[in-house]
Amino acid sequence: MPGKTYVQATINGEHTDFLCEPRQSLLEVLRDVIGLTGTKEGCNDGNCGACTIILDGRIVTPCLVLAVEAEGKEMTTIEGIANGSTLHPIQQSFLENAALQCGICTPGFIVATKALLDENPNPTEYEIRFWLANNLCRCTGYDKIIRAVQDAATTMQEAKA
Amino acid sequence: MTTTAYEPNMVLVNETFDVVGTRPIRHDGADKVTGRALYGADFDTAGLLHGKILRSPHAHARIKSIDTSKAEALPGVLAIVTAKDLPTTKAGVIVDFGEGNMELKYLRDNILASDKALYKGHAIAAVAASSPHVAEEAAALIDVQYEVLEPVLTAPEGMKEGAPLVHEDLKTEELGEKTDKSSNLASHFRHTKGDLDQGFQEADIVVEREFNTVTVHQGYIEPHPATALWNQDGRLHIWCSTQGAFVVRDSCAQILDIPVSQIRVVPMEIGGGFGGKINVYLEPVAALLSKKTGHAVKIVMSRADCFEGTGPTPGSYVKVKIGAKNDGTITAAHAYLAYEAGAYPGSPVGAGGMCVFSAYDIDNVVIDGYDVVVNKPKTAAYRAPGAPNAAFATEQVVDELANKLGMDPIDLRLKNAAKEGTRRADGPVFPRIGCVEVLEAMKSHPHYSAPLEGPNRGRGVSIGFWFNIGLASSCSISVNDDGTINLVEGSTDIGGTRASIAMQAAEVLGIAAEDVRPSVADTDSVGYTAVTGGSRTTFATGWAAYEAAQDVKRQMIERAATVWEVDADSVEFDKGAFKSKTDPELSMSFKDLAGRLSSTGGPIVGRAAVNPQGAGGSFAGNIVDVEVDPETGKVEVLRFTAVQDVGKAIHPSYVEGQMQGGSAQGIGWALNEEYYMGEQGQMTNTSLLDYRMPTSLDLPMIDTVIVEVANPGHPFGVRGVGEANIIPPTPAIANAIHSATGLRLERLPMNPGAVTEAGWKQRK
């Protein structure tokens with residue numbers, strides 16, 4: 001068995017280091033080595049988006065990233081979205097709009113939405129649907145998720161104004 | 001019932017309450033938007049080992065030998081199990097899942113194959129190792145020798161004389177009688193009402209068509225996880241994501257041949273199920289591996305394992321013939337339903353037979369149902385299991401009748417709609433139901449009268465029925481001295497039922513929904529509670545919460561009487577306050593009295609166990625606009641309206657969510673989803689890229705109309721909402737495609753290839 005590699009990265013603003021095998025995905029390390037289980041595994045091949053995180057400003061599915069590739073990178077996971085003891089407006093909007101049922105896809109949707117609104121604070125319905133098309137939800141039919149994103153965008157715009 | 005100005009989501013309210021019918025934030029919400037909620041795969045414990053299951057690469061093969069020696073020699077491997085490690089089972093034992101059941105010998109054989117692999121993905125052996133990677137490597141080192149046999153893959157093929165036999169010892173049950181005929185036909189049932197021949201003679205017009213559907217999967221985003229610890233004291237602990245903790249307990253007790261009291265099942269949060277997380281797959285295997293190693297063992301399925309090694313819903317062949325008079329009165333209907341059971345008997349054809357014509361009041365009916373074993377995974381429940389296959393046929397034939405009679409398709413349905421007193425062909429007489437109200441809400445919806453402009457566009461409608469179920473539920477409530485309550489229940493929360501259950505208790509006690517702390521307990525800590533399925537949770541577990549709250553109320557009234565030194569009969573509870581009927585000075589809020597419990601006699605705990613019989617059926621209807629690309633055959637859903645009678649919407653947002661989610665699954669089933677099978681019975685699209693479920697970009701907003709025709713069999717009128725909504729989408733979309741193109745699509749999915757091919761056939 002190959003030896004383990006020492007990796008240093010920044011996760012949710014904190015300097016983090018870990019040992020991993022070269023074959024371990026970033027998803028596996030986040031969940032099983034570091035213990036950040038809020039990032040969910042739905043397919044392990046990049047098609048469901050449940051494990052979506054922000055890596056150096058871009059959304060990625062860490063099931064398709066090797067953990068050793070995280071060296072020197074900055075990551076935001078679902079555990080890094082809330083503002084201390086207050087929910088992020090996106091999280092609050094998902095709750096108020098009942099935009100989740102089972103909740104397994106929710107962390108991925110919230111992280112992807114964060115990246116969307118960082119880049120495009122006032123997206124159209126089509127832009128939201130296009131951006132979130134890599135995140136599968138089987139419970140909601142997306143209707144309430146789209147509305148939650150629209151509401152969150154409005155709230156965040158108003159907070160800025 | 002009339003609708004007012006258009007809103008995307010409308011509620012046609014029948015009765016208002018203080019808490020019931022409002023939209024509080026769900027109690028488990030913060031945990032679920034922060035990633036803190038713990039699902040099955042998130043479970044960890046000291047000394048945890050990881051398991052991997054080796055699955056059959058063949059759809060049908062005799063297992064000649066299994067050599068595990070190389071795998072055992074791999075460093076890090078601690079145990080390997082095969083079917084030989086399972087206790088032998090008694091014949092004839094039936095294991096009931098609440099929604100479906102299975103003979104124990106088949107259930108055991110599905111956990112680990114004994115002499116034959118009956119489908120690609122059938123579990124053959126399992127490994128426990130120090131890491132998931134080592135377990136996977138070890139599983140690949142297990143040497144299984146197979147004698148490959150010819151597979152049989154569809155119900156019509158399976159029923160043919162001379163077809164390869166899935167089970168050599170399976171004898172057909174013909175109309176309730178066991179025959180000595182060896183066949184893949186497990187059973188044939190028939191429901192009759194009136195005189196079919198006479199009914200067709202009375203008809204002025206008869207339409208008959210044949211339809212085929214293919215295997216589809218529930219597609220929950222969370223793959224099955226299970227961890228088992230067979231402790232050194234003999235007790236087995238299981239942490240899993242399941243729709244029924246007690247079903248897992250009882251199934252494992254039967255399969256492992258140990259008393260139920262030796263098993264504790266801890267239901268973790270569940271990432272979707274839709275019926276597919278009722279049966280056990282991993283739990284008994286993890287238990288065996290734990291027993292061999294003395295450690296907890298966790299197994300998590302891959303996505304391909306989910307497709308190939310769990311229970312999808314069946315492909316089917318359905319023939320429907322309906323006759324009507326020129327005025328639209330339906331005089332006769334015959335259905336021939338042949339469903340794939342998968343590798344063991346027990347397709348949902350029985351439920352298909354209960355639903356195929358149940359939206360209609362028809363005097364002369366025959367329904368024939370055939371349950372056929374094939375070399376595919378054993379089917380499991382999927383949202384109104386069996387009903388969509390039947391409705392895809394019935395609702396297209398009814399649409400064609402309307403076209404030929406020159407009638408509005410909703411008017412034709414209204415003319416023949418089932419109502420209170422209608423007897424279904426399978427026996428039951430309908431109590432108060434909302435079929436007519438749903439059709440009327442569809443007809444008066446602005447969508448139905450909106451102009452549909454542009455070429456290649458069409459509009460379709462349809463309706464569907466699901467009976468819903470009751471079954472046992474338990475609940476206990478303890479009163480906190482700050483005036484809140486803790487509510488313990490046994491229904492796993494798959495989509496907001498903590499809220500819908502808590503709200504029913506809050507309504508009784510005159511407190512806010514936020515003043516209830518609901519929790520889902522393990523099987524040691526709450527009374528028996530049946531599966532989260534059959535649209536029963538808000539109905540039955542909600543009723544248990546209602547009764548437990550009534551128990552609390554009774555005890556609180558007695559306590560108020562003690563405090564005031566009056567007779568309990570003279571105390572009443574109204575709008576959150578205890579009051580003396582005689583002395584207006586004597587009044588105490590729920591919160592005030594709660595704060596005085598410890599000084600007036602001690603804590604109060606309410607409890608209830610119910611087994612309600614009054615489940616009320618639900619009707620769901622759709623209006624759908626589509627555009628069909630004439631070049632590629634691709635169908636785009638432009639507008640979609642879902643209407644459903646739910647009895648009473650406890651939390652309307654989550655009721656709308658169920659209707660929207662069921663509609664989306666129905667749209668996926670209609671247009672894209674299928675197990676694409678190779679000739680040797682291998683599913684060739686086992687990823688979520690190739691098994692194409694709807695994405696956000698594929699769907700429009702899904703408008704809803706909640707119709708409330710109260711179920712007389714529930715304190716708040718709840719019927720349940722989870723399932724009926726998946727029934728109408730496939731035929732409504734087919735009818736819309738017909739309206740756009742003139743083409744009748746007789747098979748699912750109606751993907752670009754199918755639509756294009758139907759166009760070629762028409763042009764010939």
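**Entry 1. The interface of chain B and chain A**

I began with the area buried between chain B and chain A, which comes to about 4300 Å² in this predicted model. Carbon and sulfur atoms give 58% of that area. I then asked which three residues of chain B supply more of the area buried against chain A than any other three. They are V33(B), I221(B) and M701(B), and together they account for 18% of what chain B buries there. I noted that the contact takes 57 residues from chain B and 49 residues from chain A.

Next I looked up the polar side of this interface. How many salt bridges does the rule find across it? The number is five. I recorded E673(B) with R138(A), which form a salt bridge whose closest N and O atoms are 2.8 Å apart. Residue pairs in polar contact across the interface number 26, counting pairs in which both residues have pLDDT 80 or more.

I then looked at which elements of chain B face chain A. Helix 1 (29–33), helix 4 (132–141), helix 18 (652–671) and strand 31 (702–707) of chain B each give at least two residues to the side that touches chain A. Helix 18 of chain B has the largest share of that side, with nine residues. By type, I find the residues of this side of chain B divided into 27 nonpolar, 21 polar and nine charged.

**Entry 2. Helix 2 of chain A**

I turned to helix 2 of chain A, residues 89–96, and asked which of its residues are buried. I list I90(A), Q91(A), S93(A), F94(A) and L95(A) as buried. Against what do the buried residues of this helix pack? Within chain A, I find helix 3 (106–119) and helix 5 (143–160), and from chain B there is helix 1. Helix 1 of chain B is also among the elements I had noted on the side of chain B that touches chain A. After helix 2 of chain A comes A98(A), whose phi is positive, near 50°.

**Entry 3. A three-stranded sheet in chain B**

I examined an open sheet of three strands in chain B, with the order 7-3-9 and antiparallel pairing. Strand 7 (116–117) and strand 9 (143–148) of chain B each have a single partner strand, so one side of each is left without a neighbour in the sheet. Strand 3 of chain B, residues 61–67, runs antiparallel to strand 7 of chain B and is joined to it by two bridges. I located R62(B) opposite K116(B), the latter in strand 7 of chain B.

**Entry 4. A129(B)**

I placed A129(B) in strand 8 of chain B, which covers residues 123–129. Is A129(B) buried or exposed? A129(B) counts as buried because its relative accessibility is 0%. Leaving aside neighbours within four places in sequence, I find A129(B) in contact with L49(B), H50(B), G76(B), V77(B), L78(B), V134(B) and A135(B). I also looked up T293(B), which is 164 residues from A129(B) along the chain; their C-alpha atoms are separated by 9.6 Å.

**Entry 5. S316(B)**

I found S316(B) in strand 18 of chain B, residues 316–324. Its relative accessible area is 5%, so S316(B) is buried. With which side chains does the side chain of S316(B) make polar contacts? I recorded one with T213(B) at 2.7 Å and another with N389(B) at 3.0 Å. Not counting residues up to four places away in sequence, S316(B) touches F211(B), N212(B), T213(B), A338(B), Y339(B), E340(B) and N389(B).

**Entry 6. Backbone angles in loops of chain B**

I kept in mind that most residues other than glycine have a negative phi, and that most peptide bonds are trans. R383(B), which is not a glycine, has a positive phi of about 30°. I find R383(B) in the loop between strand 20 (364–373) and helix 11 (387–405) of chain B. With a relative accessible area of 4%, R383(B) is buried.

L471(B) also has a positive phi, near 70°. I placed L471(B) in the loop between strand 21 (457–466) and strand 22 (473–479) of chain B. L471(B) is partly exposed, its relative accessible area being 28%.

Finally, I checked the peptide bond from L748(B) to P749(B), which is cis, with omega near -5°. P749(B) belongs to the loop between helix 19 (729–741) and helix 20 (752–763) of chain B.

Technical notes: Residues are numbered from 1 along each chain as its sequence is written. Chains are lettered from A and ligands numbered from 1 in the order in which they are written. Side-chain values use heavy atoms; hydrogens and water are left out. Helices (H or I, at least four residues) and strands (E, at least two) are DSSP runs, numbered from the N terminus. Buried means under 20% relative accessible area, exposed over 50%, partly exposed in between (1.4 Å probe, protein chains only). Contact means heavy atoms within 4.5 Å. Buried area is the accessible area (1.4 Å probe) that two parts lose on being put together, summed over both. A salt bridge is a side-chain nitrogen of Lys or Arg within 4 Å of a carboxyl oxygen of Asp or Glu. A polar contact is a pair of N or O atoms within 3.5 Å; within protein, one must be able to donate a hydrogen and the other to accept it, and residues adjacent in sequence count only if both atoms are side-chain atoms. Ala, Val, Leu, Ile, Met, Phe, Trp, Tyr, Cys and Pro count as nonpolar, Asp, Glu, Lys and Arg as charged, and the others, Gly among them, as polar. Two strands pair if DSSP finds at least two bridges between them.
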